[in-house]
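This report goes through selected features of one protein chain. Please keep the sequence and the 3D view open while reading.

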Amino acid sequence: MPTPSPTALPIRRLTRRDLTACADLSEDRGWPREEHKWGFLLTAGKGYGIDDPDRGLVSACVVTEYGPQEQPDLGAVGMVLVAERHARQGIGRRLMRHVVAAMGTTPLTLHATPNGRPLYEELGFKTTGRAEMLRGHFTPDSSLPEVATRAATAEDLTTILRLDEEVFGADRTHIITRLPAFADQLRVAEEDGRIIGYAAAWPNMDTHVVGPLIARDTRTAKALIASLAAHTARPLRTDIDLRHEELLAWAKDHGLTSVAFNAVMTYGIAELPGDWSRRFAPLTVAAG
């Protein structure tokens with residue numbers, strides 16, 4: 001029997017049992033294995049993949065849905081990967097077309113690398129923004145924080161969920177309620193006893209990724225990043241919307257350096273819902 005062409009192989013749903021195969025696929029393309037993140041995404045989102053008849057996965061991606069389960073308000077596409085030995089054969093295009101069709105009328109968003117952007121444009125995605133990835137050891141200064149922060153408690157969760165939906169523009173309960181177990185830190189910013197922002201730092205290889213980062217203003221975002229940095233010896237990594245110029249400049253002044261730029265793209269909507277002025281960084285670019 002001849003081996004079927006990868007473009008003819010069936011697309012199936014992935015589960016957490018596919019975590020190792022997904023991490024192997026990441027490693028095959030020169031990405032970090034990121035098993036902690038893969039596990040989170042495969043549990044909270046919908047994975048799609050194509051099996052290699054010989055070994056592992058030919059291709060994979062994950063869609064994280066937000067809003068009502070029966071009719072989501074938004075789907076975030078991430079971790080779109082094709083094995084090196086099957087690259088440039090139209091497999092990624094086929095998988096993405098399947099995802100777009102499966103999501104029906106649900107608007108989509110993704111963060112595209114320069115290499116991936118032409119494919120997404122071909123499929124009808126439009127660039128609506130840009131984000132800059134920063135990485136490095138945060139260098140604190142001697143000034144006192146302008147905004148008070150503290151570790152979040154279980155009693156804060158209802159308020160965090162309400163604030164997050166207001167800023168993000170869709171219900172992310174199934175994501176945010178997983179943060180206490182997924183992240184090493186979850187902190188809130190307060191003013192007069194009222195929560196005005198929150199942020200998490202979760203482990204990814206040798207770094208702590210800062211995200212989500214939701215804050216009333218730039219001062220609050222700075223205080224949250226500084227408080228997260230004060231409780232870890234690892235380098236920080238985060239992806240900040242380019243419109244937040246003041247925060248980007250401040251982070252670079254405090255030891256973080258630019259790593260890459262990604263295009264924020266949407267399909268089916270002209271721009272992302274919610275309030276971008278208070279949305280500083282995503283949980284991860286793979287989940288919006």
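Met-205 lies in the loop between β9 and β10. The model is a predicted one, and in it the phi angle of Met-205 is near 55 degrees, a positive value in a residue other than glycine. Most residues other than glycine have a negative phi, and most peptide bonds are trans. Met-205 has a relative accessible area of 47% and counts as partly exposed, because that class runs between 20% and 50%.

Glu-34 also has a positive phi, near 50 degrees, and is not a glycine. Its place is the loop between α1 (19–28) and α2. With a relative accessible area of 5%, Glu-34 is buried.

The peptide bond between Gly-211 and Pro-212 is cis, with omega at about 0 degrees. Pro-212 belongs to strand β10, which covers residues 207–215. Pro-212 and Asp-239 are 27 residues apart in sequence, and their C-alpha atoms are 9.6 Å apart in space.

**Aromatic rings**

A pair of aromatic rings is described by the distance of the centres and the angle of the planes. There are six aromatic pairs in the model. One of them joins Phe-40 and Phe-182, with 4.1 Å from centre to centre and 35 degrees between the planes, and it is tilted. Phe-40 is in helix α2 (residues 35–44) and Phe-182 is in helix α7 (residues 179–182), so this pair ties together parts that are 142 residues apart in sequence.

Phe-182 also pairs with Trp-202: the ring centres are 4.9 Å apart and the planes are at 35 degrees, so this pair is tilted as well. Trp-202 is in strand β9 (residues 194–204) and Phe-182 is in helix α7, so the parts tied together here are 20 residues apart in sequence. Through ring pairs, Phe-40, Phe-182 and Trp-202 are linked into a cluster. Phe-40 is buried at 7% relative accessibility, and Phe-182 is buried at 5%. Trp-202 is buried too.

Which rings have a charged group over them? Arg-13 lies over the face of Tyr-48, and the charged end of Arg-172 sits over the ring of Phe-168. The distance to the ring centre is 5.8 Å for Arg-13 and 4.0 Å for Arg-172.

**Buried charged residues**

The table lists three residues with their elements and relative accessible areas.

| Residue | Element | Relative accessible area |
|---|---|---|
| Lys-37 | helix α2 | 4%, buried |
| Asp-239 | strand β11 (residues 236–241) | 6%, buried |
| Arg-237 | strand β11 | 14%, buried |

The contacts below leave aside neighbours within four places in sequence. Lys-37 touches Met-79, Phe-182, Trp-202, Asn-204 and Thr-284. Two residues of the ring cluster, Phe-182 and Trp-202, are therefore among the contacts of Lys-37, since contact means heavy atoms within 4.5 Å.

Asp-239 is in contact with Glu-132, Met-133, Asn-262, Phe-280, Ala-281, Pro-282 and Val-285. The contacts of Arg-237 include Glu-34, Met-133, Leu-134, Arg-135 and Asn-204. Among the others are Thr-207, His-208, Val-209 and Val-210. Met-133 is listed for Asp-239 and also for Arg-237. Glu-34, a contact of Arg-237, is the buried loop residue described above.

**The largest pocket**

How much space lies in the largest pocket? The volume is about 1,200 Å³. Its lining is made up of 40 residues, and those nearest the centre are Trp-31, Val-80, Leu-81, Thr-113 and Gly-116. Six elements each give two or more residues to this lining: β4 (74–82), α3 (91–103), β5 (108–112), α4 (117–122), β6 (126–136) and β12 (257–267).

Which element gives the largest share of the lining? Strand β4 does, with six residues. Sorted by class, the lining has 20 nonpolar, twelve polar and eight charged residues.

Methods:
Residues numbered from 1 in each chain as written. Predicted model: local features only at pLDDT ≥ 70, side-chain atom pairs only at ≥ 80, totals over all residues. Heavy atoms only, no water. 1 Å grid on protein atoms, 1.4 Å probe; cavity = no way out; pocket = protein on both sides within 12 Å on 5 of 7 lines; lining within 4 Å. Points joined across faces, edges and corners; volume = space filled by probe spheres on them. Nonpolar A, V, L, I, M, F, W, Y, C, P; charged D, E, K, R; others polar. Phe/Tyr/Trp six-rings, centres within 6.5 Å; stacked < 30°, edge-to-face > 60°. Buried < 20%, exposed > 50% of the residue type's maximum accessible area, 1.4 Å probe, protein only. Lys NZ or Arg CZ within 6 Å of the ring centre and 35° of its normal.
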